[in-house]
Amino acid sequence: MLTGSKSTFKVRQMGPDIKERMLNHQSVATARGRDVFGLRCLPGECVLQRAVMVRKKLTAREGRGWLSGTLFCTHFRVAFVPQDAPKPDDNADPVLLGDHDIALASIEKVAVVGPNRTKVVSPNSSLKFTPEELVLYCRDLRVVCFLFDRLTPDAQVIEITHSIAKTYQPLKAGSVLAFQNAALGSVEMKQFLSNRRRDTHMNWHESAADWERELERCGATGWRVSSLNERFEMSTSLPRFIVVPQKVLDTELKKSFAHFNDGRIPRWCWRHPRGSDLLRMSSFHNNIYHEKDDVRNLELILFGCHSSLCVVVELGEELPSPADIQLAHGRLRQLCLGDISSASVSVPDDKWLSTLEATHWLDYTRCCLKKASEVACLLRSGHMTVALQECEDRDLSCVVSSLAQVMCDPHCRSRAGFQSLVQKEWVTAGHRFYSRANFHRLNDKDEAPVFLLFLDCVWQLWSQYPSRFQLTDDFLLALHDSAHLPLFSSFLANSQRERCRRSQNQGQCYTPVNGWREPPPDGSAEPAADPPLPPVWDWLLQYSEQRQAAFTQPVPRTPAPPPLLNGNLNTHPDARRSDATPGSVFLFSRGVFSCPANLLPWRGGGGGASISGVYRKSHRRAPSSESVPGGLERLLKACSLAEGPPGPEADPYRPLLPLLMGPCLGLWRECYHRGALHAQAFSHPLSANHRHPLELLAGEVRHLQERLAQARSAPADANLNHNANNGTFLFPKSHGAVAAHKAPSTAVPAANPPPKDNANKHTFLFGHASDARTGPVDSKVAKSNAS
């Protein structure tokens, strides 16, 4: 396969007989997996190529520097085995991806670096030089660099480069299934995955007992679990079990599905400790004739177990559309990764911050956090029903509902609680993970990283309130990376119905006559069953126990909520007082409450106008708009940002309201900046005396911070302007340093101060500077920030 001299290697395209031309040491693993030159292979995994004496560039979380080992390419992954790695145990359970492995499906570009040249390698490419460095650009914004040693055989360098370029995930239909079969298709792996036990500490929300347990946990009386959609006859996108008011019978509930888009009727999601209930629903069809009984049933569903007040929160007018999110994420990728077509890396310059602002990614993050904060404030008011309404109820409603629960419920900020939250509000609720991820590249118009926007919003909350979260940013980063792998059942379906159809127990699922099981194409026989796909929460398949230990951190135990009286806290005066007329329905949109003249304030997906011509003289029409400011707006103002950050003895169920001003929202550096900027942030080991401009800039900032710290510790007669010293452009004054909570400016911090909420300074360029795991340079900056 190699022709020409050493300086002008010419590699021909690999044909279908690539396995016959492999080196003699290549083999196929069988049984439970076999040790192939130190690599623990999966059952049925084939090693295509290997290269010895390769060094991998470590990230900041891995300790930085270079790690020597052997590089492998299989038909499933690119595996790197460190030189001092322990010998794999043949009796241990298989691991799909190790700490240094990259799934082929997550690779987007393959580039090589040679003497004064860089080239993107494709299956049809030819190389006229021996690569010195291999760079893998991943879909999850990672850039993994491998350096070939001078003693590495040139043949191995050429062969493994083209093996990776030839076998990584192609963008065509059917490739996702081929990738699954390569990883999970063997009989041993199917049996192994079928016998895996699920995490018993989290609620999967897949059975009626799971929903009953959630109702008991939240103390939601007056609600019941309905199995009316158990066979997906009422709605194909809703889960099999939904929570509805006890006073609504299934016969009455059945008539309501036709009035909502895709049958997504108002249904219960969560109850606040103060007694408010959170509901979700899609848009209301205004072209269907409504009988009197239908309107009465809708009233019973909408008000739930409350009879005084209902607020419908319109999400479509303020939040970005999925197309806007996709466009913003694409611009962010281009900014953080540079021009991956030429494998070049963009160095931050004076226009980097303005370019980041032009992506609108942080603007959309701010919009979602703002809307979720408003919903959290409404829920805290007590004794009302808050219903989130979106046209299809499968995208932004998932974001707002989940964020509101993260803000209000400490259980959702734990690892098991957060996993249950995602399972409830995203997986079983029918978020279109498969269409939004667009693994098959069938329809680019549906692609939108809505779930990734939610993870970014959660990270913003975590960065402002780190001590209120049991889960860490390592967990959020692991979930972010897993969302780019077409390997888990959580992300490879658009609804619970599709997930049941593709599961291993397909024969046990009910299939109605002329139901949703499509016949095989072209009249062929029944296709072979897909391999069982594990849920994303089975972390042992990707991360070692040592890596999982960094997913959580100890937090104080949350006390039980105070006792309730008629659905309200009996110690809160505002919760017992309501100026609204019983049975009132308000519409909350663009930060303003309105009282529509019609009974149903829902809006259709087309024109966005209120329902017209339907029961204008309703017996439950809301009062006039003049009475609104004295009611709901006062309750919303009581929980506004003017109250300041919560103290150490504050109510644990008080919502974590984020500060949304520009300096308060930072860029998720550990996720977005680990790509191309990291690829050149630390120079080649052969030329380590040359420092990267980003490292030089960090040194200058550190020097300025040290001078500011010395100025703060100067005597009072130095006539220093403390306000000017406490706030700079790169490191603006923390939003938590309010006059009532600010420590004296002359205080000298400890060597390793404990993390405090809202007390760490932020920077556009370096994100959250208090994370000591970001390396020696950032740790010094963090210490100077703390001072």
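The protein chain holds 23 helices and 24 strands, and the model it comes from is a predicted one. Of its 787 residues, 54% count as buried. Contacts often reach far along the chain: take the ones between residues at least 6 apart in sequence, and 72% of these join residues at least 24 apart. On the outside, the protein chain exposes about 34,300 Å², with carbon and sulfur atoms supplying 52% of that area.

Two sheets are worth a walk-through, starting with an open one of eight strands. Its strands come in the order 8-7-6-5-12-11-9-10, and the pairing is antiparallel. Strand 8 (102-103) and strand 10 (117-120) are the edge strands, so named because each pairs on one side only. Further in, strand 5 (residues 47-57) and strand 6 (residues 66-74) are joined by eight bridges, again in the antiparallel sense. One of the residue pairs here is Lys 57 with Trp 66, its bridge partner in strand 6. Helix 1 (residues 154-167) packs on this sheet and touches a good many of its strands, namely strand 5, strand 6, strand 7 (77-82), strand 9 (107-114), strand 11 (133-138) and strand 12 (143-148). The direction of helix 1 makes about 110 degrees with that of strand 5.

Strand 7 deserves a closer look. A hairpin links strand 6 to strand 7, and two residues are enough to make the connection. The two strands run antiparallel and are held by five bridges, with Gly 69 finding its bridge partner in Pro 82 of strand 7. On to the next neighbour: strand 7 and strand 8 pair in the antiparallel sense over two bridges, and Arg 77 has Ala 103 of strand 8 as its bridge partner. As for cover, six of the six residues of strand 7 are buried. That goes for both faces, with Arg 77, Ala 79 and Val 81 buried on one side and Val 78, Phe 80 and Pro 82 buried on the other.

The other sheet is also open, but it has six strands, in the order 15-16-18-17-21-22, and its pairing is mixed. At the edges stand strand 15 (267-271) and strand 22 (592-594); each has a single partner strand, so one side of each is left without a neighbour in the sheet. On average, neighbouring strands of this sheet are turned by 25 degrees against each other, direction ignored. Strand 22 pairs with strand 21 (residues 584-589) in the antiparallel sense over three bridges, and in strand 22 the bridge partner of Leu 587 is Ser 594. Helix 9 (residues 361-381) lies across strand 15, strand 16 (277-281), strand 17 (309-314), strand 18 (385-389), strand 21 and strand 22. It runs at about 175 degrees to strand 17.

Last comes a helix that is well wrapped up. In helix 14 (residues 473-482), 10 of the 10 residues are buried, so the helix is largely enclosed by the rest of the structure. The list of buried residues includes Phe 475, Leu 476, Leu 477 and Leu 479, and also Asp 473, Asp 474, His 480 and Asp 481. What do the buried residues of helix 14 pack against? Their partners are helix 11 (415-427), helix 13 (450-464) and helix 19 (669-672).

Definitions and conventions. Residues are numbered from 1 along each chain as its sequence is written. This is a predicted model: local features need pLDDT of at least 70, side-chain atom pairs count only at pLDDT 80 or more; totals for chains, interfaces and linings use all residues. Side-chain values use heavy atoms; hydrogens and water are left out. Buried means under 20% relative accessible area, exposed over 50%, partly exposed in between (1.4 Å probe, protein chains only). Helices (H or I, at least four residues) and strands (E, at least two) are DSSP runs, numbered from the N terminus. Contact means heavy atoms within 4.5 Å. Accessible areas come from the Shrake-Rupley method with a 1.4 Å probe; for residues, only the protein chains shown count as cover. Axes are lines fitted to C-alpha atoms, for helices over the stretch in contact, and angles run from 0 to 180 degrees between N-to-C directions.
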